[in-house]
Amino acid sequence: QVQLVESGGGLVQAGGSLRLSCAASGLTFSRYDMGWFRQAPGKEREFVATINWSGGSTYYADSVKGRFTVSRDNAKNTVYLQMSSLKPEDTAVYYCAAGLKGLSVDYWGKGTLVTVSS
């Protein structure tokens, strides 16, 4: 019923930019806090960013602060992650999440791979 579908991943060079999108369906999108997590090769999944239901409040992991921007368009049921000044250590599968409370998540997307080359 509920689906979160990520898109926009791919291969970019260090210093480049990429925008990820997450299209949600099967839920009342505007009622959910949304977020992004990532999992790099050989590492545990980690928090990246979150945005509240209205888009008026955001929070970022220290590792991406100042480089990544999370936003949402409730009319389009879509949340975005704009990534700039990408580094090789940003290489990971990026997962969209709905209904964040701490590290608890109601729904997960399948993920999209971002590879940053040096």
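**Exercise 1. Contacts along the chain**

Find what share of the contacts with a separation of 6 or more comes from residues 24 or more positions apart.

Solution. The model is predicted. Step one: take the contacts in the chain between residues with a separation of 6 or more. Step two: pick out the pairs that lie 24 or more positions apart, which account for 54% of these contacts.

**Exercise 2. Elements and overall form**

State how many helices and strands the chain has, and explain why it is as compact as a globular protein of its length.

Solution. Step one: the count gives zero helices and 11 strands. Step two: the radius of gyration is 13 Å, and the globule rule gives 13 Å for 118 residues, so the chain is as compact as a globular protein of that length. Step three: the C-alpha trace spans about 40 × 25 × 25 Å along its principal axes.

**Exercise 3. Burial and surface**

Give the percentage of residues that count as buried and the area that the chain exposes.

Solution. Step one: with buried meaning under 20% relative accessible area, 42% of the 118 residues qualify. Step two: the exposed area is about 6300 Å², of which carbon and sulfur atoms supply 46%.

**Exercise 4. A sheet of four strands**

Work out which strands stand at the edges of the open sheet, and why one side of each has no neighbour there.

Solution. Step one: write the order, β1-β3-β8-β7, with antiparallel pairing. Step two: β1 (3-7) and β7 (68-73) each have a single partner strand, so one side of each is left without a neighbour in the sheet. Step three: neighbouring strands are turned by 15 degrees against each other on average, direction ignored. Step four: follow β7 to β8 (residues 78-83), with which it forms six bridges. Valine 70 stands opposite leucine 81 in β8.

Technical notes: Residues are numbered from 1 along each chain as its sequence is written. This is a predicted model: local features need pLDDT of at least 70, side-chain atom pairs count only at pLDDT 80 or more; totals for chains, interfaces and linings use all residues. Side-chain values use heavy atoms; hydrogens and water are left out. Two strands pair if DSSP finds at least two bridges between them. Helices (H or I, at least four residues) and strands (E, at least two) are DSSP runs, numbered from the N terminus. Axes are lines fitted to C-alpha atoms, for helices over the stretch in contact, and angles run from 0 to 180 degrees between N-to-C directions. The radius of gyration is taken over C-alpha atoms; the globule rule is 2.2 Å times the number of residues to the power 0.38. Buried means under 20% relative accessible area, exposed over 50%, partly exposed in between (1.4 Å probe, protein chains only). Contact means heavy atoms within 4.5 Å. Accessible areas come from the Shrake-Rupley method with a 1.4 Å probe; for residues, only the protein chains shown count as cover.
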